[in-house]
Amino acid sequence: MTSKDRILARIRRAVQQPAAQTGPGPDADIPRDYLRVHATRTPQERVDLLAAHLAEYRARVHRTDEDGLRDLLGRLLADAATVQLPPDLGFGLPSDPSLTFVTDHAAQTPRDLDRVDAVVTGCALAIAETGTIVLDGGPSQGRRRITLVPDHHICLVRVPGQVVDSVPEALPLLDPGRPLTWISGPSATSDIELERVEGVHGPRTLDVVLVAAPDPRPDPDPRPGTQ
Amino acid sequence: MTRTDLGMPAFPEAAREAVRDGVLRANLRHATHTIRDKRARAVAELADWDRLRAAGKAVKDHTLRHLDRHLLRLEAAVTAAGGTVHWAVDADEANRIVTELVRATGEREVVKVKSMATQEIGLNEALEAAGIAAYETDLAELIVQLGRDRPSHILVPAIHRNRAEIRDIFRAEMGRWGRPAPDALGDDPRELAEAARLHLREKFLRAKVAVSGANFMVAETGTMVVLESEGNGRMCLTLPETLISVVGIEKVVPTFRDLEIFLQTLPRSSTAERMNPYTTMWTGLGPSRGADGDGPSAFHLVLLDNGRTDTLADETGRQALRCIRCSACLNVCPVYERAGGHAYGSVYPGPIGAVLSPQLRGTGSAIDASLPYASTLCGACYDVCPVAIDIPEILVHLRERVAQGGPVTRHGIRVRIRPAHGHTAERAAVRAARLLLDRPGALRAGERLLARARRLTPRRLPGPGRAWTDTRELPSVPAESFRDWWTRERGTPQ
Ligand code: SF4
């Protein structure tokens, strides 16, 4: 008898159900009368709530439009020399000659990324009620490691189109088959006498830029490229 | 079976030490009160909290009722996504599987994300015996590991250490494990966190193998979910080539949609945040099956029983398997606040530990037999639990079991345990009861709850509590509810 068989047999004895036809059971016995959203909001209110909640977690929140983005990025990257990019950010970049841009590619090692000063990405969506941005590895975001190892992450959110109200609204829009990273403020710890310290292992600085811009184009290629 | 802390004194002895330690009690009190107040605010923000709680309970109950189905579904989904699933009946088997998997990579070290399951099975010790170094990467776990210490809280495992102690530990020990602490290291938490960042970064960048647990596993899709704050989880889950996750079988939920409940209730119950800084979800090796260099190229899931199916066989006790390890029950527990986490003699401290350890490990040892008595039955733990585990009900049930004996399932076999009369276990239990029932108010609250807990309408407390009530007139049950009593005795209800 394998361990698997043994565990399954123990479970069946424990719940006194015969094997096999213990169907997944009607989902109906799970009361789902909780709220889908916790308030009715206009798109603008949704964006404002996202901004407020992100700021509360000490993310730095900025607002601009497509025309203003280049300048803003230039300012946010003032101290950077090397900037990491996903395969396809979908926005124009500052043309500052002092900046070197590196595009995500499979051969980039964690050590390479450790020498990068900042990373600029888009996101899959953002959740207002919890102050969360979600990355799903799409072309505007790249592999998970590029938003992890560099010390400064600048994340662009197209508003209002990419902002949803709540967690229950967000999940159906996400593909669980893809690697998902939910980010709510910069890395933090309260392990020492409960005093909150920002920035342990993830990026210590998180800039979220709310860009008034149309919804992202549908992803032509569901995975980051390997150029 | 589970690694019991052999030689661990029974709860009352261990607790007495903590009760005498003024610094420890002050630290604990500050921590638990701070988190519980924040939690109350975070929970109050959601008008539908009770409905989320009921839904979370229902999802977990449903899953446990059909656990075989959901595990098979999970296995199929993980396998289809390029992962490999292993089944471990007990701690030894799980440790053997992980050790073999690490050996097969040729590596001698692994980085670890905080995981209760791997602590429960003593994985670090097993790896060490096999010549493999396991590095804890959660800041608190690092403090515990460097200090050769034991965790004392689920969420903030080093809460019993203050900043000066942590600085001393870093200064003395970091160099032996890797990059030493800076010479002039002070005791500002910011400086200490920075020292940990530098110390661990070196390990993350070179690590080839990582070991994690998981908060949830989705049967439908094979998706694993890890919630964290520091980013050490993301490092371990995405940078190494091989990822091994050891997860208790009760962590499965049926559908991806079910996460909409727990991703709302867990962060608020645990760190009292609307959402924790980072949550990672991954499904096997991802859409490219590991070819795109995003995340590990090998993923192993070790499904752990280790007493869980025995717990499942107990109709009253099985609800403990709903636990999502938020630690809210610790922070409201008057006994935990007095006794500290170490007194519970297992990786699961506080009210949940008092009901989980004696079920996972059996009540054969003095510590496990005394744990069901490590409570005043005030019911605050039940009130805050995001999956509505009636901990007092289980405690009463386990007390009866210890005192009067009865049927239990051990290692999958139904046996009848004898009453603990005159047994060392009972003596330990009586002392625990005395230690904790030395305040009439607490006993009254317990009685109120006992009356509420259908099964028993006792004139005497069951089990060793009886020794106490035999010599005293039981106070008549007050007209006020225990919640009112709690409010009056201890301030705002949670
Ligand atoms: S028993 Fe409930 S309150 Fe305690 S840790 Fe588990 S889920 Fe949280």
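## A walk along the A–B interface

Start with strand 9 of chain A and strand 9 of chain B (residues 278–283): the two run antiparallel and are joined by 4 bridges. Keep in mind as you click around that this is a predicted model. Now pick out Trp182(A) and look across to strand 9 of chain B, where its bridge partner is Thr279(B).

Next, zoom out and select everything in contact between the two chains. You should be picking up 76 residues from chain A and 101 residues from chain B. As for how much surface goes under, chain A and chain B bury about 8,100 Å² between them, and 56% of that is on carbon and sulfur atoms.

Time for the charged pairs. Between chain A and chain B there are 14 salt bridges. For one of them, show Glu56(A) and Arg274(B) as sticks: their closest N and O atoms sit 3.1 Å apart. Switch to polar contacts, and 41 residue pairs turn up across the interface, counting pairs with both residues at pLDDT 80 or more.

Which elements of chain A should you colour on the side that touches chain B? Those giving two or more residues are helix 1 (3–15), helix 2 (43–56), helix 4 (110–114), helix 5 (167–170), strand 9 (180–183) and strand 10 (188–189). Give helix 1 of chain A its own colour, since with 11 residues it supplies the largest share of that side.

Last stop: recolour the side of chain A that touches chain B by residue class. That gives 32 nonpolar, 20 polar and 24 charged residues.

Terms used. Residues numbered from 1 in each chain as written. Chains lettered and ligands numbered in written order. Predicted model: local features only at pLDDT ≥ 70, side-chain atom pairs only at ≥ 80, totals over all residues. Heavy atoms only, no water. Contact = heavy atoms within 4.5 Å. Buried area = accessible area lost by both parts, 1.4 Å probe. Salt bridge = Lys/Arg side-chain N within 4 Å of Asp/Glu carboxyl O. Polar contact = N/O pair within 3.5 Å; in protein donor to acceptor, adjacent residues only side chain to side chain. Nonpolar A, V, L, I, M, F, W, Y, C, P; charged D, E, K, R; others polar. Pairing = 2+ DSSP bridges.
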